[in-house]
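Hello,

Here is the structure I promised to pass on to you. Have a look at it first, and then read on for what turned up.

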Amino acid sequence: MASSATIETATAGFLDAVLYEGEESRGLQGLTRATLLAPLSTAFDLAEGRPAGHAQRVAYIGVALAEELGLSTAEVSETFFACLLHDAGMAALGASHVRNRADDDLMPPTGGWGDVIRALTVHCDQGDRIARRLGFGENVATAVARHHDCWDGSGPSGQNGNGQMPTVARIVAAADRFECIIDSEPSPLVVRKRGPSLVRDMSGSEVDPEVATRLARLAAKDSFWLGFYDRDMTIGLMSMGAGDALSTDGVLELLAAMSDIVDSRNSRELGRGRRVSELAVKVALACGLSERRAELVRAAALLQDIGTLAVPASVLSKPDILTLDEMMQMQKHPAIARNIVGEIPGMGAVAWWVGCHHERVDGKGYPGMLEGDSVPIEAQVIGIAEAYEALTNNRPYRRALARDDAAEVLRGLADTRFHATVIRRLEEVVSTLA
Ligand SMILES: [Fe+2]
Ligand SMILES: [Fe+2]
Ligand SMILES: [Fe+2]
């Protein structure tokens, strides 16, 4: 029987050393909410069917505007996070509320504009809850909840026109609307030329005239546009609203909240991602990985399906067999997740494992068709924890399997889907569970 040490050595030999540089000793240290959420906000864009980077560009505009308006450091930071999270609620919506823009030009046309308004209302409401679950306070949550309201306070959040729209919310709303206008114009030169007048056109019923005036002033500056079109915007944003580094528990709790969003989008029982990550850590340790490495495996398990946010909700919840096209959309999710997670400093290895969680040791997995020891042990651990969790819970098409039956199913996948040793380690772990 191959020992776990044998597997680790063989696997480590495959991996690009650059991905591992310093990861073992660093673990999840030094990460802030900004370094995590600036890259992860891309998942919210994709869930809305927008080009990646919408939330980041809104944050860039929002922060510039908040500073132009002379807001306090704390308010600038609140603006930054509210902008990054403004459409997070979209990611939590299932097919009944939204169809991706990949399907249609606008949001859900099936039920007419009534559905559009409902989707706006629900995603604002969900975004409010997500912001609080991610640990943000009242000001950030309220700004997220009201980013589609008009400046007089009327709008989908259900507030009446009482003129009491908070300042941060007014900025987020203006920044979001302005970014959408910019996004619809392909030429940066045209945007640069017409920017100030486009902003002035927004002034009035939708956007606070004072905010619009300041934004028009910003839009007349070359320095604003140079920053806006900077390819390294993500890195620049990470240093904004940075705050103190989170504890390891704080990082993992934030990632767990992200996995709750993925559960919700996939119509899975809430908390499933957290359970999979718990099991993955136990199996990782049983495979002989260090505590630090197991911690990174936990992070990878929590983020493994974040790429499914980019898959149309209608495909994720389809009760039928997927068409070839839908299958291809679905199979992009590990690579999408790898690209998003890879933007987080120090998470290169985590990104790699996430990208490999649907690889198979027989070379028939995706996206890379890696074979044998080329499939990282950590990716197999994540995959087997997910598979066991799926087998032992009810599904619409079958009842939950008992532990022994699930183990037998997994044994049947030895040296095809998973390395036989990984399956044995999983069996050892689950035999000790109540
Ligand atoms: Fe929105
Ligand atoms: Fe938006
Ligand atoms: Fe997956």
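In this predicted model, two iron ions, ligand 1 and ligand 2, sit 4.4 Å apart, and Asp 87 coordinates both of them.

Let me take the iron ion (ligand 2) to begin with. The protein gives it His 54 through NE2, His 86 through NE2, and Asp 87 and Asp 176 through OD, at 2.2 to 2.4 Å. Along the sequence these donor residues follow the pattern H-x31-H-D-x88-D. His 54 belongs to helix H5 (residues 54–68), while His 86 is in the loop between helix H6 (73–85) and helix H7 (88–91), so this pair ties together parts that lie 32 residues apart in sequence. His 54 counts as buried because its relative accessibility is 1%, and the cut-off is under 20%. His 86 is buried as well, with a relative accessible area of 0%. What is the arrangement of the 4 donor atoms around the iron ion (ligand 2)? Their angles run from 82 to 163 degrees, which makes the arrangement irregular.

The iron ion (ligand 1) has Asp 87 (OD), His 123 (NE2), His 147 (NE2) and His 148 (NE2) as its protein donors, at 2.1 to 2.3 Å. Here the spacing along the chain reads D-x35-H-x23-H-H. This site is irregular too, with angles of 87 to 173 degrees among the 4 donor atoms. Two neighbours in that list are worth a look: His 147 is buried at a relative accessible area of 0%, whereas His 148, at 22% relative accessibility, counts as partly exposed.

Next, a word on helix H10, residues 167–183. With 17 residues at 1.5 Å a residue, H10 should span 24 Å, and its end C-alpha atoms are indeed 24 Å apart. Of those 17 residues, 13 are buried, so H10 is largely enclosed by the rest of the structure.

You may also like to look at the empty spaces. How many cavities of 30 Å³ or more does the structure hold? There are 2. The largest has a volume of about 90 Å³. Its lining is made up of 13 residues, with Arg 268, Gly 273, Ala 301, Gln 304 and Asp 305 nearest the centre. Helices H15 (248–265), H16 (272–286) and H17 (291–303) each contribute at least two residues to that lining, which by class comprises 5 nonpolar, 3 polar and 5 charged residues.

The second largest cavity has a volume of about 30 Å³. Among the residues that line it are Asp 149, Cys 150, Trp 151, Arg 170, Ala 173 and Ala 174. The lining of this second cavity has 6 nonpolar and 4 charged residues, and no polar ones.

Finally, the largest pocket has a volume of about 1400 Å³. It is lined by 41 residues, and those closest to its centre are Arg 268, Arg 272, Met 330, Arg 395 and Tyr 397. Two or more lining residues come from each of H16, helix H18 (313–316), helix H19 (324–330), helix H22 (377–391) and helix H23 (403–411). The largest share, 5 residues, is from H22. By class, the pocket lining divides into 17 nonpolar, 12 polar and 12 charged residues.

Do write back once you have had a look.

Best wishes

Definitions and conventions
Residues are numbered from 1 along each chain as its sequence is written. Chains are lettered from A and ligands numbered from 1 in the order in which they are written. This is a predicted model: local features need pLDDT of at least 70, side-chain atom pairs count only at pLDDT 80 or more; totals for chains, interfaces and linings use all residues. Side-chain values use heavy atoms; hydrogens and water are left out. Helices (H or I, at least four residues) and strands (E, at least two) are DSSP runs, numbered from the N terminus. The expected span of a helix is 1.5 Å times one less than its number of residues. Buried means under 20% relative accessible area, exposed over 50%, partly exposed in between (1.4 Å probe, protein chains only). On a 1 Å grid over the protein atoms alone, a cavity is a set of points where a 1.4 Å probe fits but cannot get out, and a pocket is an open set with protein on both sides within 12 Å along at least five of seven lines; lining residues have an atom within 4 Å of a point. Grid points are joined across faces, edges and corners, and a volume is the space filled by probe spheres set on the points. Ala, Val, Leu, Ile, Met, Phe, Trp, Tyr, Cys and Pro count as nonpolar, Asp, Glu, Lys and Arg as charged, and the others, Gly among them, as polar. Donors are N, O and S atoms within 2.8 Å of the metal (3.2 Å for Na, K and Ca); water is not among the atoms, so sites may look incomplete. Four donors count as tetrahedral if all angles lie between 85 and 135 degrees; four count as square planar and six as octahedral if opposite donors are over 155 degrees apart and all others between 65 and 115; anything else is irregular.
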